[in-house]
Amino acid sequence: MRVAVVGAGVSGLTAIKCCLDEGLKPTCFEQSRDIGGLWRYTEHIEAGRPSLYPSVVSNTSKEMSAFSDFPYPEDFPVFLPNARLLDYLRRYVEHFGLREHIKFGVSDRCPGAALLPVHARHQ
């Protein structure tokens with residue numbers, strides 16, 4: 001079954017991985033040109049995409065926020081600056097081969113990441 005995933009932020013990336021684990025065929029539609037969602041700082045505001053400020057640090061420890069099947073590297077700090085969290089997401093995408101399932105620069109009208117079934121007429 002084909003599945004559409006909206007957004008390549010944390011939720012979208014994990015949705016792609018879960019779909020693959022279940023034998024589904026996900027396609028992720030990401031509005032921007034890169035992964036990371038809110039965790040990807042950009043100096044210039046992109047229309048329709050929220051961004052954080054460059055000094056943001058996660059308020060949850062790496063031990064509590066790591067994906068169960070992909071721990072943070074030991075040399076990462078306990079509380080991660082946004083650039084290190086984005087690095088972790090990039091490593092996750094690379095490790096599980098998720099990038100090939102993401103279409104970048106695709107505008108959507110659905111906020112956030114969600115699983116949406118692709119109707120048979122679009123297959």
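In the predicted model, C18 is partly exposed, with a relative accessibility of 45%. The cysteine sulfur closest to that of C18 belongs to C19, at 7.2 Å, which is too far for a bond. C28 contrasts with C18 in its surroundings: C28 is buried, and its relative accessible area is 0%. For C28, too, the closest cysteine sulfur is that of C19, and the separation of 9.9 Å is again too far for a bond. A disulfide is a covalent bond between the sulfur atoms of two cysteines. With a cut-off of 2.5 Å between the sulfur atoms, a search of the whole structure returns 0 disulfides.

The overall architecture may be described next. The protein contains 3 helices and 4 strands, and the order of these elements from the N terminus is β-α-β-α-α-β-β. Of its 123 residues, 37% are buried. The exposed surface amounts to about 7700 Å², of which 56% is supplied by carbon and sulfur atoms. When contacts between residues at least 6 apart in sequence are considered, 54% of them join residues at least 24 apart.

Confidence in the prediction was also examined. The average pLDDT of the protein is 87, and 87% of the residues reach a score of at least 70. In residues 112-123, however, the pLDDT falls below 50; this stretch nevertheless has 23 contacts in the model beyond near neighbours in sequence.

The interior of the protein includes a largest nonpolar core of 19 residues, within which L13, I16, I35, Y88, L89 and I102 touch the most other members. Two elements, helix 1 (10-21) and helix 3 (82-96), each give two or more residues to this core. Helix 3 makes the greatest contribution, with 5 residues. Helix 1 also holds G12, a residue that is buried at a relative accessible area of 0%. Although G12 and G37 are 25 residues apart along the chain, their C-alpha atoms are separated by 8.9 Å.

Y88, one of the core residues with the most touching members, also has an aromatic setting. Apart from its neighbours within four places in sequence, Y88 is in contact with A66, F67, F70, P71, Y72, P73 and F76. A single aromatic cluster is formed by F67, F70, Y72, F76, Y88, Y92 and F96.

A pair of aromatic rings is described by the distance of the centres and the angle of the planes. In total, 8 aromatic pairs are counted. In one of them, F70 and Y92 adopt an edge-to-face arrangement, with 5.7 Å from centre to centre and 70° between the planes. F70 is placed in the loop between helix 2 (62-65) and helix 3, whereas Y92 is in helix 3, so the pair ties together parts that are 22 residues apart in sequence. F70 is buried, at 12% relative accessibility, and Y92 is likewise buried, with a relative accessible area of 2%. A further pair consists of Y72 and Y88; their ring centres are 3.7 Å apart and their planes meet at 25°, so this pair is stacked. The Y72–Y88 pair links distant parts of the chain, as Y72 is in the loop between helix 2 and helix 3 and Y88 is in helix 3, 16 residues away. Both Y72 and Y88 are buried.

Two partly exposed residues complete the description. D87 is located in helix 3 and is partly exposed, at 26% relative accessibility. The C-alpha atom of D87 is separated by 9.6 Å from that of R40, a residue 47 positions away along the chain. R99 occupies the loop between helix 3 and strand 3 (102-104); this residue is also partly exposed, with a relative accessible area of 38%. Between R99 and I35, which are 64 residues apart along the chain, the C-alpha separation is 8.8 Å. When neighbours within four places in sequence are left aside, R99 is in contact with D34, I35, R90, V93 and F104. One of these contact partners, I35, is among the residues that touch the most other members of the largest nonpolar core.

Conventions
Residues are numbered from 1 along each chain as its sequence is written. This is a predicted model: local features need pLDDT of at least 70, side-chain atom pairs count only at pLDDT 80 or more; totals for chains, interfaces and linings use all residues. Side-chain values use heavy atoms; hydrogens and water are left out. A nonpolar core is a set of buried Ala, Val, Leu, Ile, Met, Phe, Trp, Tyr and Cys residues joined through side-chain atoms within 4.5 Å. Buried means under 20% relative accessible area, exposed over 50%, partly exposed in between (1.4 Å probe, protein chains only). Contact means heavy atoms within 4.5 Å. Accessible areas come from the Shrake-Rupley method with a 1.4 Å probe; for residues, only the protein chains shown count as cover. pLDDT is the predictor's confidence in each residue, from 0 to 100. Rings of Phe, Tyr and Trp (its six-membered ring) pair if their centres lie within 6.5 Å; planes under 30 degrees apart count as stacked, over 60 as edge-to-face and the rest as tilted.
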